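Here are some exercises to work through with the model open beside you. Try each task before you read its solution.

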Amino acid sequence: MVRISVLNDALNNIVNAERAGKRQVLIRPSSKVVIKFLETMMKHGYIGEFTVVDDHRNGKIVVNLIGRVNKCGCISPRFDISAGDYEKWVGNLLPSRQFGFIVVTTSSGIMTHDEARRKGLGGKVLGYVY
């Protein structure tokens, strides 16, 4: 099978493992975007620690799950989002305004929509987690 999006495959692996009640999940291949997305999820308490295993090929990531992810997904294509459009996207992607995060890539790095709104930055929508 052809791998379309590494990020989409990684997030689907996490959701499927959470629904199956697993404690850990192996994600392969690894990429910088996947690692930054996982760091954002870990910072907000959706997943536990994760380790990056370098096998001199594409790399693997072992993620410890804590049972907090209801759904996470990738948005493709990566739509542009301006600093004033976050409310519209929150209404479209998240179940509630206080529940979950949209992960955005900006000129200052990958962050949640709340951080980007506070900094007054726009960017591109990567995905969501709640």
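**Exercise 1.** In this predicted model, decide whether Trp89 is buried, partly exposed or exposed.

*Solution.* Start with the relative accessible area of Trp89, which is 13%. Buried means under 20%, so Trp89 counts as buried.

Now apply the test to two further residues. Phe79 has 40% relative accessibility and therefore counts as partly exposed. Arg118, in helix H4, reaches 67% and so counts as exposed.

**Exercise 2.** Classify the ring pair of Phe79 and Trp89, and say which parts of the chain the pair ties together.

*Solution.* A general reminder comes first: an aromatic pair is described by the distance of the ring centres and the angle of the planes.

- Step 1: the centres of the Phe79 and Trp89 rings are 5.7 Å apart, and the planes meet at 40°, so the pair is tilted.
- Step 2: Phe79 sits in the loop between S4 and strand S5, and Trp89 in helix H3, so the pair links parts ten residues apart in sequence.

**Exercise 3.** Do the same for Tyr46 and Phe101, then look for a charge over one of the rings.

*Solution.* The whole structure holds four aromatic pairs.

- Step 1: the Tyr46–Phe101 pair has 6.4 Å between centres and 85° between planes, an edge-to-face arrangement.
- Step 2: Tyr46 belongs to the loop between H2 and S2, whereas Phe101 is in strand S6, so this pair joins parts 55 residues apart in sequence.
- Step 3: both Tyr46 and Phe101 are buried.
- Step 4: the charge is that of Arg68, which lies over the face of Tyr46 at 4.8 Å from the ring centre.

**Exercise 4.** Which residues of H1 are buried, and where do they lie around the axis?

*Solution.* The buried residues of H1 are Leu7, Ala10, Leu11, Ile14, Val15, Ala17 and Glu18. Their arc around the axis is only 165°, so they share the same side of H1. As a general point, an α-helix has 3.6 residues a turn, so residues three or four places apart point the same way. The cover over the buried residues of H1 includes S1, H2, S3, S4 and S8.

**Exercise 5.** Find the residues that touch the most other members of the largest nonpolar core, and the element that gives the most to this core.

*Solution.* This core has 26 residues, and those touching the most other members are Leu38, Met41, Ile47, Ile61, Val63 and Cys72. H1 gives the most to this core, with six residues. Apart from this core lies another, of 15 residues, including Ile75, Tyr86, Val104 and Val125.

How values were computed:
Residues numbered from 1 in each chain as written. Predicted model: local features only at pLDDT ≥ 70, side-chain atom pairs only at ≥ 80, totals over all residues. Heavy atoms only, no water. Core = buried A, V, L, I, M, F, W, Y, C linked by side-chain atoms within 4.5 Å. Buried < 20%, exposed > 50% of the residue type's maximum accessible area, 1.4 Å probe, protein only. Helix = DSSP H or I, 4+ residues; strand = E, 2+ residues; numbered from the N terminus. Arc of directions from axis to C-beta. Contact = heavy atoms within 4.5 Å. Phe/Tyr/Trp six-rings, centres within 6.5 Å; stacked < 30°, edge-to-face > 60°. Lys NZ or Arg CZ within 6 Å of the ring centre and 35° of its normal.
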